[in-house]
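Good morning, and thank you for the time. I would like to introduce a protein chain, beginning with its overall build and then moving to several local features.

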Amino acid sequence: MTESTVATLKAGLRGGLITPSDSGYDEARKVYNAMISRRPQLIARCADVADVIAAVNFARENKMLVSIRSGGHNAGGLGVCDDGLVIDLSPMRYVRVDPKKKTVIAGGGALWGDVDHATHPFGLAVPSGIISTTGVAGLTLGGGIGHLTRQCGLTIDNLLGVEMVLANGKFVTATAKENSDLYWAVRGGGGNFGVVTSFLFKAHDIHTNYAGPMLWHIEESVDVLKWYRSFITKAPRDLNGFFAFLVVPPGPPFPEHLHNKKMCGVVWCYTGPLKKAEKVFKPIRGFRKPALDMVGPIPHPMLQSMFDALYVPGLQWYWKADFVHELSDEAITQHVVHGSRLPTMFSTMHLYPIDGAASRVKANATPWAYRDAKWSEVIVGVDPDPSNKEKITNWAKEYWNALHPYSAPGAYVNFMMDTEGEDRVKASYGKNFARLQKIKKKFDPTNLFRVNQNIKPSK
Ligand SMILES: Cc1cc2nc3c(=O)[nH]c(=O)nc-3n(C[C@H](O)[C@H](O)[C@H](O)COP(=O)(O)OP(=O)(O)OC[C@H]3O[C@@H](n4cnc5c(N)ncnc54)[C@H](O)[C@@H]3O)c2cc1C
């Protein structure tokens, strides 16, 4: 790679090229997880499809390591790479809603907050995650679990098609009718198959939910977990609720007597008719009076961004995850031991329900193999202070080690760091792995796109 080839790339990019000598370099290479610090050679800011094609061709022709970055939220920082080229889609944040067809087109660099902002005035919503600053691309390509999973399925279950740039620089559309193998693969197979420049989603009639957190004292967590495991799996589809161990933040809107207390809770989201909500919540409130009940009517975008102010970019994060079929009494005992030892105010453990609509999709209909699991568990050690890195990492590892014997062999790929290894990726895709490898061989035979939870091309 010569200076003149770099200059040619730079001249052709509408979004701009950032190199280590540029003043914006350190800002541009930052990702959400401050535990990650990688130094790419080049960052191609892509403003449009033409920029993406130029960047992909440049990486291939110059045999550069390449990573794809959208929202920058990936746990293991897989949007950036050392010494390679970052294809950064963050300028492509457009969203277009078709209220008649109830569909949404989102640019490859859009954040979920952009989608919620655009869809809400039409009384529509696309199922996504629980933090609005997460990228549409990374979350969708890995699966997408959130407040609407039980009602509407995973994000990929609402993905109608994508436009993308392949490793050979070709621009293609993938839908159920066109490039259907690629369409199958991108619904869970991550960034392995090319750079997605736009997503087409089905949207749902969702405007105002009856939702929010409900907390109980940590001493009650055995009872809460035992009640929760049977309640949520029998609950109607329009009621979602993820379980959490957490520390109450020391500030409003939380009452002072609960500040800094370790607690357990469920973050509910009911999308049914508001007039029925009190009735739906009667058995929940009747199970045991919560120490804090913040559940009530809330516009969907407010729920989606409820935790944004707590989890700002730049914290240290260490992630461990698993799929869970059953929450046995033994598993609950271990959860309570480790959940009661949250090492910092930001650290948490979530159990996201993935039954309901998500479980009605066949295990081979998309790469997401664990359609029979009931929960996606994630343990995250989080803190602003880099000197607590070991403390949060050790806690997450110990917690996971204690729970893994009660969990499935695989995990949701979007809840994993970059260090889990090939066997774990294989376990996470289960019986779908071989098909993914074949499709990888067809569309990316040289594994150009390998900075991800990598699926190597079949031999
Ligand atoms: C605070 C926080 C909350 C989260 N909450 C949820 C949640 O509720 N539900 C959930 O399901 N997940 C959640 N996640 C996990 C999230 O889904 C992953 O971190 C995901 O990778 C983030 O996508 P991104 O675009 O922001 O990340 P990036 O780091 O930009 O990208 C991640 C990876 O995705 C691929 N990729 C990104 N853009 C493209 C593209 N345009 N084309 C092809 N490949 C691409 C690449 O392989 C890249 O390495 C959360 C993460 C964080 C940090």
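Let me begin with a definition: the helices, of at least four residues, and the strands, of at least two, are DSSP runs, numbered from the N terminus. With those names in hand, Asn-260 can be placed in the loop between β13 and β14. I should also say at once that this is a predicted model.

I turn now to the chain as a whole. Its secondary structure amounts to 14 helices and 19 strands. Along the principal axes, the C-alpha atoms occupy a box of roughly 70 × 50 × 40 Å. A compact globule with 459 residues would have a radius of gyration near 23 Å, and the chain, at 22 Å, agrees with that. Buried residues make up 61% of the 459. Among contacts with a separation of 6 or more, 73% join residues 24 or more positions apart. The surface that the chain exposes comes to about 18300 Å², and carbon and sulfur atoms supply 53% of it. As for charge, there are 53 positive and 42 negative side chains, and the centres of these two sets lie 6 Å apart.

Next, the backbone. In general, most residues other than glycine have a negative phi, and most peptide bonds are trans. Against that background, Asn-260 has a positive phi of about 65 degrees, although it is not a glycine. Asn-260 counts as partly exposed because its relative accessibility is 48%, which falls between the 20% limit for buried and the 50% limit for exposed. The loop between β13 and β14 (262–270) also holds Pro-253. The peptide bond leading from Pro-252 to Pro-253 is cis, with omega near 10 degrees. Asn-179 likewise is a residue other than glycine with a positive phi, here near 50 degrees. Asn-179 sits in the loop between β9 (171–175) and α7 (180–186), and its relative accessibility of 29% makes it partly exposed.

I come now to two helices and their surroundings. How many of the eight residues of helix α4 are buried? The number is six, so that this helix, residues 112–119, is mostly covered. The buried ones are Trp-112, Asp-114, Val-115, Asp-116, Ala-118 and Thr-119. Their cover includes the strands β5 (95–98), β6 (103–107), β7 (124–125) and β10 (195–202), together with the helices α5 (136–142) and α10 (300–304). In helix α11, residues 329–339, the buried residues are Ala-331, Ile-332, His-335, Val-336, His-338 and Gly-339. The cover over these includes α8 (221–234), β13 (239–247), β18 (348–353), β19 (375–383) and α12 (389–403).

The aromatic residues deserve separate attention. The structure holds 25 aromatic pairs. One of them, Phe-199 with Phe-201, is stacked, at 5.9 Å centre to centre and 5 degrees between the planes. Phe-199 has a relative accessible area of 0% and is therefore buried, and Phe-201, also at 0%, is buried as well. Tyr-412 and Phe-415 have ring centres 4.6 Å apart and planes at 75 degrees; the pair is therefore edge-to-face, since an angle over 60 degrees counts as such. Both Tyr-412 and Phe-415 are buried. These two residues also belong to one aromatic cluster, whose members include Tyr-32, Phe-242, Trp-317 and Tyr-352.

Two of those cluster members return when we look at Ile-130, in the loop between β7 and α5. Ile-130 touches Phe-242 and Tyr-352, and its other partners include Gly-146, His-147, Gln-304, Phe-307 and His-350. Ile-130 and Gly-146 are 16 residues apart along the chain, and their C-alpha atoms are separated by 5.6 Å. Is Ile-130 buried or exposed? It counts as buried, because its relative accessibility is 11%.

Finally, I would draw your attention to Asn-452, which lies in the segment after α14 (433–443). Which residues does Asn-452 touch, leaving aside those up to four places away in sequence? They are Leu-78, Gly-191 and Asn-192. Asn-452 and Asn-192 are 260 residues apart in sequence, yet 6.8 Å apart in space, C-alpha to C-alpha. With a relative accessible area of 14%, Asn-452 is buried.

That concludes the presentation; thank you for your attention.

Note on methods:
Residues are numbered from 1 along each chain as its sequence is written. This is a predicted model: local features need pLDDT of at least 70, side-chain atom pairs count only at pLDDT 80 or more; totals for chains, interfaces and linings use all residues. Side-chain values use heavy atoms; hydrogens and water are left out. The radius of gyration is taken over C-alpha atoms; the globule rule is 2.2 Å times the number of residues to the power 0.38. Buried means under 20% relative accessible area, exposed over 50%, partly exposed in between (1.4 Å probe, protein chains only). Contact means heavy atoms within 4.5 Å. Accessible areas come from the Shrake-Rupley method with a 1.4 Å probe; for residues, only the protein chains shown count as cover. Lys and Arg count as positive and Asp and Glu as negative; His and the chain ends are not counted. The place of a charge is taken as NZ of Lys, CZ of Arg, CG of Asp or CD of Glu. Rings of Phe, Tyr and Trp (its six-membered ring) pair if their centres lie within 6.5 Å; planes under 30 degrees apart count as stacked, over 60 as edge-to-face and the rest as tilted.
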